[in-house]
Amino acid sequence: MDLAYRTEDSNPLLAAVCPEEVLAGTNLNIHAADEMLIFLEESFGGDRDPALAVYFQSGLLIWETFRAILTWHFGSLDRVGRLLDFASGYGRVTRFIVRDLPPERVWVSDIYTEGVRFQEEQLGVHGQVSTASPDDFQAAERFDCILVSSLFSHLPEATFHGWLARLRGLLAPGGLLVFSVHDWSLLHPERERTPEGFLFEAISESGSLAKSQYGTCWVTEAFVRRAVERAAPGSSVHRIPRGFCNFQDLYVVADRPAADFSGLTVRALPEGYVDSCKLTPPDRLDLSGWVVDRVSGQPVREVRVAVDGEVLQVCRLFHPRGDVAELLFKNDVRIEAQGWRFAVRLPRGTSRSTGALTIRVIDANGLESVLYAATIDAALLASLQRDLVTMAAETARLRKEHAEALVQRRAEADYEISVLEARIAAMENSRFWKIRNGWFGIKRKLGLTREE
């Protein structure tokens, strides 16, 4: 079997961002055809290390979110008889599910036959290959819970309704359906909205599925609630904004009327960005960026920078980043972005090519999470690339302004010339100018002047 990563492989960046106890007990084999890893690697410019870190980190985060929802609904994971991980891909999330649930109680389904067979072999779960049309999908079992990661964020409207009804039909009485969507708020402000609250485009990260069947869609909460009422009348629906990897919205559909969702809490991680990473030889590293907890709206407690697991500096004094708040979160006045800076000395003997640079944040509740992770060289290269993009954009702007200024000055000069020419023409046609020309004509005839 062709694997992109093996459990026995050693990756310092992965070890730096994922808990050791999780890695020690998890099957980390990744199939070479796993489109999620391929997409992440392309997103990082071909750098495998951060792609692997995000792949496993996001899979763990998704399962931790689902696990909190299941515990709220069932009281205990022991009471989940059958769980279906639908649109499971090659097991990014499933590998963590089977840490908490016996594999014999877990089913997976995906349109990729190879992905289903891989999970059966590697994780010991039950597998069923999915279909392009929901009408063609048949399953003998009924499930206490169906989890759907990032499928309904890619479907055309008819298929959206079709899969929602089909999966609802596979729920056991009292069961739970959880799925993620792209909310309307993720659309660019200038994009035209539809009155139905649904917009589909034939674009996606998939390199093998037809874009017309698996593209990208955005929905309003009203649209989702109408769709659930149509597919599962009498069910209770709860929306968790940005509950899926701090990006997509999660919808929890409980097969009972008037369910009380007040006790359901899902942890949302702070978000942030590294604006700059510079190295001053021989060993000084300067970093700057920002962090925000957009869900709670509360300021974070601290940000830490570490190299190969060693914390080098802690930032507790932040400066306001109004530019970030205005650009990214202008629709929410509660949100204030916090700026941070570090100037650290790299430990002696640190390898820039393999040294794991991590930035962690402690939120208002004292919970820790990874804000950024990369090798030192990768972080430096990414910062340089951002600078080059910024410089290119600034150069283009200046060139445009210069060209516009030249056009403007040319237009002003042409106007001034036309005004002067008009004045000359007016003077030449005036009575005074005709008398002047006549007088000079007489003087020339008398030989008194040679002026024209």
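In this predicted model, a useful place to begin is arginine 352, which counts as partly exposed with a relative accessibility of 40%. Its side chain meets that of aspartate 377 in a salt bridge, with 3.2 Å from N to O. The two residues stand 25 positions apart and link distant parts of the chain, since arginine 352 lies in the loop between strand 17 (338-345) and strand 18 (356-362), while aspartate 377 belongs to helix 10 (residues 376-428). Aspartate 377 is itself partly exposed, at a relative accessible area of 29%.

From this pair one can step back to the chain as a whole, which holds eleven helices and 19 strands. Its radius of gyration is 32 Å, whereas the globule rule gives 22 Å for 452 residues, a value that is well exceeded, so the chain is more spread out than a compact globule. The box filled by the C-alpha atoms, taken along the principal axes, is roughly 125 × 60 × 45 Å. Of the 452 residues, 45% count as buried, and the accessible surface comes to about 23,300 Å², with 53% of that area belonging to carbon and sulfur atoms. Among contacts with a separation of 6 or more, 63% are made by residues 24 or more positions apart.

Charge offers another way to read the structure. The protein chain has 51 positive and 62 negative charges, and the mean positions of these two sets are 9 Å apart. Side chains of opposite charge can pair when their charged atoms come close. The count of salt bridges in the model comes to 22, and two further examples can be set beside the one described at the start.

In helix 10, aspartate 414 and arginine 410 are four residues apart, and therefore separated by about one helical turn; they form a salt bridge whose closest N and O atoms are 3.5 Å apart. Aspartate 414 is partly exposed, with a relative accessible area of 38%, whereas arginine 410 is exposed, with a value of 57%. Elsewhere, salt bridges that share partners join Asp183, Glu221, Arg225, Arg239 and Asp249 into one network. Another pair is formed by glutamate 41 and arginine 48, with 2.9 Å between the closest N and O atoms. Here glutamate 41 is buried, because its relative accessible area of 19% falls under the 20% limit, while arginine 48, at 29% relative accessibility, counts as partly exposed.

Several loops also deserve a careful look. Serine 88 sits in the loop between strand 3 (83-86) and helix 5 (94-100), and with 9% relative accessibility it counts as buried. Leaving aside residues up to four places away in sequence, serine 88 touches Thr94, Val108, Ser109, Asp110 and Gln119.

Other loops are of interest for their backbone. Serine 150, in the loop between strand 6 (143-148) and helix 7 (157-168), has a positive phi of about 50° although it is not a glycine, and serine 150 counts as buried at 17% relative accessibility. Asparagine 246, found in the loop between strand 10 (236-244) and strand 11 (248-254), likewise is not a glycine but has a positive phi, in this case of about 60°; asparagine 246 is buried, with a relative accessible area of 13%. Finally, proline 281 and proline 282 are joined by a cis peptide bond, with omega of about 5°, and proline 282 has its place in the loop between strand 12 (271-280) and strand 13 (284-292).

Notes. Residues numbered from 1 in each chain as written. Predicted model: local features only at pLDDT ≥ 70, side-chain atom pairs only at ≥ 80, totals over all residues. Heavy atoms only, no water. Rg over C-alpha atoms; globule rule 2.2 N^0.38 Å. Buried < 20%, exposed > 50% of the residue type's maximum accessible area, 1.4 Å probe, protein only. Contact = heavy atoms within 4.5 Å. Areas by Shrake-Rupley, 256 points an atom, 1.4 Å probe, with all protein chains shown as cover. Lys, Arg positive; Asp, Glu negative; His and termini not counted. Charge placed at Lys NZ, Arg CZ, Asp CG, Glu CD. Salt bridge = Lys/Arg side-chain N within 4 Å of Asp/Glu carboxyl O.
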